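Here are a few exercises to work through with the model open on your screen. Have a go at each task before you read its solution.

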Amino acid sequence: MSGVQEQTTAATMWQEDAGRDLVRNAGDRMALFVRGEGSSLWDADGRRYLDFLGGIAVTSLGHAHPVFVDAVARQAATLSHVSNFFATPPQLALAAELKRLTGAGDAGRVYFANSGAEANEAAFKLARLHGAAGGAADGARAPRPRILALKDAFHGRTMGTLALTGKPYMQAPFLPMVPGVEFLDSAVEALEAAMGDDVAALFVEPIKGEAGVVPLPEGYLAAAREITARHGALLIIDEIQTGAGRTGAWFAFQHEGIVPDAITVAKGIGGGFPIGALITFGAASDLFYPGTHGSTFGGNPLATATSLAVLGEIERAGLVENAAVRGVQLRAAIESLASPLIEGCRGRGLLLGVALRHPVAGAVVAAAQQHGLIVNAANDSTVRIAPALTIGDVEIDEFVDLFARALSTVADALVLDDTETPTSTPEASA
Ligand SMILES: Cc1ncc(COP(=O)(O)O)c(C=O)c1O
């Protein structure tokens, strides 16, 4: 078959193939993408889209960045895998780099995984080790059976991380959960009330991405640090969506000037190559001991060499600063759009949620795609934006134009009445 014929077949048959062959854990796939470059994606029909989702905060350098491509190719041609019975230079170099960028310091340690959920599984086990009688890093002998997490926060889909995820509808089909996790409102008073010397850890997301890009209240992280420290509980921060420069700091906790006991990272540190990591600070670094955890692929030289190159390019090109500056610019541009649908904008840096006045985020996303723009509905009334950290004026101008058109398409299709919520989500049309 020629390349052209293959392309035509792919373009016409893929929805049928996907419907028949892929597990139905996700909804219908929205497009068949065959190529990417920078902030552009192309589908099987050759149509170009502006990508302002970045694989949900993953492709930090955009698509097919030469640094990423070169790192993968070079490492694949050098050494792609050895068992964790052995170390490799990229693995050691990335561990040192993550310790430097997080400020974990000499006492810090890094556990490598392959995804965000796996990094959080490791963090869950870290909390259990801390909570085990006699095993507590603070020297306490009494067990700490309780783990605290926040309502509506998301930490992953594996059984352990689902147990940490404060979304009852996600847990319901898979009960019973791993026990011991309690969910709190994201308020300092709720934390004070729940905290005790029997708590092993508090898990938090600095900005709840899956909940609709909802930042923690001002001052919460600093208070959480003080309260957890007072009771000898670990503060574990999930930076899987917020890390790698996305919010305009290397890691979101750094905006608050605190030192956590552990953080988890994934997504953006690999720029598109699957990798996750748990980074421990201080005494929490001594909790794991031989035989307590492991992963065949975790810390694989291909993944670590690529992540090292991605982080190096983020630093060299000043992309953390770019995320801060472009985030402010993008937010101002969105807020100045005269759309009756927009209520406001949440988030920080290049992780933004556009809050809508009506539950039409799905329709806005569909309309955006028809206009050639990829964004995502974090929930019914929030459109999530997480573009490459490389974006500049050109991408922002194009985004504003396409997003405004998508909003108009949906607003025009709705019979909007200021006093009424629309009862149906219209089919968006171009
Ligand atoms: C905050 C947070 N934690 C954990 C995860 C799970 O990561 P993964 O999908 O790589 O398992 C995600 C993914 O969206 C996330 O946003």
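**Exercise 1.** Find out which backbone oxygen lies 3.4 Å from a polar atom of the Lys167 side chain, and work out whether Lys167 is buried or exposed.

*Solution.* Keep in mind that this is a predicted model.
- Start with the location: Lys167 is in the loop between helix 6 (159-164) and helix 7 (168-171).
- Next, look around its side chain. A polar atom there is 3.4 Å from the backbone oxygen of Asp152, and a pair of N or O atoms needs to be within 3.5 Å to count as a polar contact.
- Now the accessibility. Buried means under 20% relative accessible area; Lys167 comes in at 5%, so it counts as buried.

**Exercise 2.** Pick out the polar atoms of Gly116, Ala117 and Asp238 that approach the ligand.

*Solution.*
- Go to Gly116: one of its polar backbone atoms is 2.8 Å from a ligand oxygen.
- Move on to Ala117, where a backbone N or O atom also lies 2.8 Å from an oxygen atom of the ligand.
- Then check Asp238. Here the side chain does the job, with an N or O atom 2.7 Å from a ligand nitrogen.
- Finish with the area: the ligand alone exposes 390 Å², and the protein buries 80% of that.

**Exercise 3.** Describe the shell around the ligand: how many residues surround it, and which helix gives the most?

*Solution.*
- Place the ligand: you'll find it in the largest pocket.
- Count its surroundings: there are 13 residues, and the closest include Gln241 and Lys267.
- Sort the shell by type: three nonpolar, six polar and four charged.
- Trace the top contributor: helix 5 (residues 116-131), with three residues.

How values were computed: Residues are numbered from 1 along each chain as its sequence is written. This is a predicted model: local features need pLDDT of at least 70, side-chain atom pairs count only at pLDDT 80 or more; totals for chains, interfaces and linings use all residues. Side-chain values use heavy atoms; hydrogens and water are left out. A residue is near a molecule or strand if one of its heavy atoms lies within 4 Å of it. A polar contact is a pair of N or O atoms within 3.5 Å; within protein, one must be able to donate a hydrogen and the other to accept it, and residues adjacent in sequence count only if both atoms are side-chain atoms. Accessible areas come from the Shrake-Rupley method with a 1.4 Å probe; for residues, only the protein chains shown count as cover. On a 1 Å grid over the protein atoms alone, a cavity is a set of points where a 1.4 Å probe fits but cannot get out, and a pocket is an open set with protein on both sides within 12 Å along at least five of seven lines; lining residues have an atom within 4 Å of a point. A molecule sits in a cavity or pocket if more than half of its atoms lie within 2 Å of its grid points. Helices (H or I, at least four residues) and strands (E, at least two) are DSSP runs, numbered from the N terminus. Ala, Val, Leu, Ile, Met, Phe, Trp, Tyr, Cys and Pro count as nonpolar, Asp, Glu, Lys and Arg as charged, and the others, Gly among them, as polar. Buried means under 20% relative accessible area, exposed over 50%, partly exposed in between (1.4 Å probe, protein chains only).
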